[in-house]
Amino acid sequence: LRSPLPSMRGYATMIPMVDKVTPKQQEFVDKIVGGIEHMTHLIDDLLDIGRIEAGVDIEMSPCRVDELARRVMQELRPRAIANGLELAMHLQEAAISPVWGDRVLLGHAITNLVDNAIKYTFEGSVSVGLMEKGSQVVVWIRDTGIGIEAVHLPHLFEKFHRIKRRDTIKIKGTGLGLAIVKSIADLHKGRVWVESDPDRGSTFYLALPKHVSE
Ligand code: ADP
């Protein structure tokens, strides 16, 4: 599925290099390239879900979620700054217990949640925090964004569920990001959920069982 896409993108971007194009032709080329990029993201996300659901290439080990969250924040900070948002981290005083998980997938889940918080927040801040609750470590991602109306909450983690709003029409996405987070949570016998106030923003929670050493 993925292999024809780079050459399609390559040839489409070469069209304006081989001859003069009119503004309309350039607009069409840009649309083709945009479509190919969208399809690339879609295929990558579908392959990810397939891999996670099939349990392929999973490497479980004790993971420090606070370290993963810190790395994700470092990676996404430039995007938050570019959008004029503050990005903050809240950690409890005591050290956070490790969880039993796949480092790459847990990083992927946190990335999707922080990335969404940045995408759907037009002003204010995105905060990431961690806490321990009984036998679980909970990472939370809070934003001051557009929020989610209650009617959408039961379907939010379903594949391809995107909320149609006038102010988010230009925001790109596949509708698979939260489905991937849910698959990763399920794989770790964890849970993901959201609390949201359409006027004030949303908080997503990802709870993961602590690693119990024998
Ligand atoms: P997408 O690729 O569309 O971002 P996701 O599966 O990540 O797909 O999210 C599904 C939908 O949930 C989004 O289209 C958006 O409408 C809504 N959503 C996700 N995260 C947030 C958030 N932090 N604030 C408001 N809406 C959100």
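A polar contact is taken here as a pair of N or O atoms within 3.5 Å, and this cut-off is needed to read the contacts between the protein and its ligand in the predicted model described below.

In this predicted model, a polar side-chain atom of tyrosine 120 lies 2.8 Å from an oxygen atom of the ligand, so that the pair falls within the 3.5 Å allowed for a polar contact. The backbone also takes part in such pairs, since a polar backbone atom of threonine 174 is placed 2.8 Å from an oxygen atom of the ligand, and a backbone N or O atom of leucine 178 likewise lies 2.8 Å from an oxygen atom of the ligand. On its own the ligand has 530 Å² of accessible area, and the protein covers 97% of this area.

The shell around the ligand is made up of 20 residues, of which Asn116, Tyr120, Arg162, Thr174 and Leu178 come nearest. When the residues of this shell are divided by character, nine are nonpolar, eight are polar and three are charged. The elements that contribute two or more residues to the shell are H4, H5 and E7, and among these H4 gives the most, with three residues.

The space that the ligand takes is the largest pocket of the protein, and this pocket holds about 1200 Å³ of space. Its lining consists of 44 residues, and those lying nearest the centre of the pocket are Asn116, Lys119, Tyr120, Arg162 and Gly173. Two or more residues of the lining are supplied by each of helix H2 (23–54), helix H3 (65–82), helix H4 (103–119), helix H5 (177–187) and strand E7 (201–209). As in the shell around the ligand, where H4 gives the most, the largest share of the pocket lining comes from H4, which provides eight residues. By character, the lining of the largest pocket divides into 14 nonpolar, 17 polar and 13 charged residues.

With regard to the overall architecture, the protein contains five helices and seven strands, and these elements follow one another from the N terminus in the order α-α-β-α-β-β-α-β-β-α-β-β. Taken along the principal axes, the C-alpha atoms of the protein fill a box of roughly 65 × 40 × 30 Å.

Technical notes:
Residues are numbered from 1 along each chain as its sequence is written. This is a predicted model: local features need pLDDT of at least 70, side-chain atom pairs count only at pLDDT 80 or more; totals for chains, interfaces and linings use all residues. Side-chain values use heavy atoms; hydrogens and water are left out. On a 1 Å grid over the protein atoms alone, a cavity is a set of points where a 1.4 Å probe fits but cannot get out, and a pocket is an open set with protein on both sides within 12 Å along at least five of seven lines; lining residues have an atom within 4 Å of a point. Grid points are joined across faces, edges and corners, and a volume is the space filled by probe spheres set on the points. Helices (H or I, at least four residues) and strands (E, at least two) are DSSP runs, numbered from the N terminus. Ala, Val, Leu, Ile, Met, Phe, Trp, Tyr, Cys and Pro count as nonpolar, Asp, Glu, Lys and Arg as charged, and the others, Gly among them, as polar. A residue is near a molecule or strand if one of its heavy atoms lies within 4 Å of it. A polar contact is a pair of N or O atoms within 3.5 Å; within protein, one must be able to donate a hydrogen and the other to accept it, and residues adjacent in sequence count only if both atoms are side-chain atoms. Accessible areas come from the Shrake-Rupley method with a 1.4 Å probe; for residues, only the protein chains shown count as cover. A molecule sits in a cavity or pocket if more than half of its atoms lie within 2 Å of its grid points.
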